Amino acid sequence: MNETNAGGVRQRSVEIVVPVHNEAHVLGDSIGRLHAYLEASFPFPFRITVADNASTDATWQAATGLTARLPHVHAVHLAAKGRGRALKYVWSRSEADVVAYMDVDLSTGLDGFLPLVAPLLSGHSDLAIGSRLHPQAAVVRGPKREFVSRSYNLLLKLGLAARFSDAQCGFKAVRTEVFRALAPHIEDNTWFFDTELLVLAERNRLRIHEVPVDWVDDPDSRVDIVATAVDDLKGMGRMQRRILTGRTRVALPPRAGTAHMTAAAHGAASVEPGPGGGGEPTSPPAGAASPSPSPRWTAPSSASRP
């Protein structure tokens, strides 16, 4: 993945993680669309990693099937649920310069992806978020979800003095070295992970770039709004205590410089250790392909896109 251009300058790269749990029915179509879009229009080396966190359906088999036929797709399997857990695991081990994630339903318009990551690749910003509450965003969703989203972000402004506009949009990116510094200080492994990441970033005066997005609500979303809201309120209380006791300071790397970037990357499938560590890979669901032992960038084959 660490390629150089004709002038000998190392090209900066992006890893896009798609966390999934029991998404076999939509995985092939979504990853196929994402891969085709990036190959056609994204000017930087990239890899797509499907992070299967404890699926009990055929998600893992679908993911490994995608790695066999799409050159830039990789997959990992984790033994426990949690979007935050999956992102923390893959992002912390990534070899890319910038790590990102998006929801498997692709509710956010893909035309927003380059504006999301470009300020991070250039070194101008440290994190970037898609915002459904930006004045220029175009959003289609029901009144209940709109009310919950606006109420939650208002609570963050009142309770944690947050300045970002949309904590939970599933469309974010961060400079990898910045995330590695923040990761040990992020306690949540589920939905509050995003908020905790952003609050820590703000408290450490990192630059957060916001991108207005086109967003269409997924009618098949299985997020338990009530349970998630309760967990988020608990997380806000925990963050308030950390702020009051001064436990939000993090030693951070300097902001990256600019560089020239082009070309593409290649992927593979692997099975990852569970959240408890231990060094032993988890067992994939029955019938899964036999993947490689650890995530890695692999050189493009002669048949892949240059």
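Strand 5 (127–131) and strand 7 (171–175) run antiparallel to each other and share 3 bridges. Within this pair, A128 stands opposite A173 of strand 7. On another side the sense changes. Strand 5 pairs with strand 8 in the parallel sense, over 5 bridges. There, I129 has E210 of strand 8 as its bridge partner. The model is a predicted one.

Now step back to the whole sheet. It is open, with 7 strands in the order 3-2-1-4-7-5-8, and its pairing is mixed. Strand 3 (73–78) and strand 8 (208–212) form the edges, each pairing on one side only. From one strand to the next, the twist averages 20°. Follow the order to the strand 3 edge. Strand 2 (residues 46–53) meets strand 3 there in the parallel sense, and 6 bridges join them. One contact point to look up is A51, whose bridge partner in strand 3 is V76.

Helices pack against this sheet. Helix 4 (residues 113–121) lies across strand 1, strand 4, strand 5, strand 7 and strand 8. Helix 4 runs at about 15° to strand 7. Helix 7 (residues 193–203) also packs on the sheet, where it touches strand 4, strand 5, strand 7 and strand 8. The direction of helix 7 makes about 130° with that of strand 5.

Return to strand 5 with these helices in mind. How many of its 5 residues are buried? The count is 5 of 5, so strand 5 is mostly covered because buried means under 20% relative accessible area. In a regular strand, side chains alternate between the two faces of the sheet. Here both faces are covered. L127, I129 and S131 are buried on one side, and A128 and G130 are buried on the other.

Next, the nonpolar cores. The largest has 38 residues, and W91, L127, L156, F164 and F179 touch the most other members. Several elements supply at least two residues each, including strand 3, helix 3 (83–93), strand 4, strand 5, helix 5 (143–160), helix 6 (176–182) and helix 8 (225–244). Helix 7 gives the most to this core, with 6 residues. Take F179 as an example. Leaving aside neighbours within four places in sequence, F179 is in contact with L87, K88, W91, S92, V174, I186, F193 and L197. Apart from this core lies another, of 37 residues, with L38, L106, V117 and V211 among them.

L106 deserves a second look. Its phi is near 55°, a positive value in a residue other than glycine. Where does L106 sit? It is found in the loop between strand 4 (98–102) and helix 4. L106 counts as buried because its relative accessibility is 10%.

N22 also has a positive phi, of about 55°, although it is not a glycine. This residue lies in the loop between strand 1 (14–20) and helix 1 (24–41). Is N22 buried or exposed? With 18% relative accessibility, N22 counts as buried.

Finally, confidence. The protein averages a pLDDT of 83, and 77% of the residues score at least 70. Over residues 257–306 the pLDDT is below 50. Beyond near neighbours in sequence, that stretch has 135 contacts in the model.

Definitions and conventions. Residues numbered from 1 in each chain as written. Predicted model: local features only at pLDDT ≥ 70, side-chain atom pairs only at ≥ 80, totals over all residues. Heavy atoms only, no water. Pairing = 2+ DSSP bridges. Helix = DSSP H or I, 4+ residues; strand = E, 2+ residues; numbered from the N terminus. Axes fitted to C-alpha atoms, helices over the stretch in contact; angles between N-to-C directions. Contact = heavy atoms within 4.5 Å. Buried < 20%, exposed > 50% of the residue type's maximum accessible area, 1.4 Å probe, protein only. pLDDT = per-residue confidence, 0-100. Core = buried A, V, L, I, M, F, W, Y, C linked by side-chain atoms within 4.5 Å.
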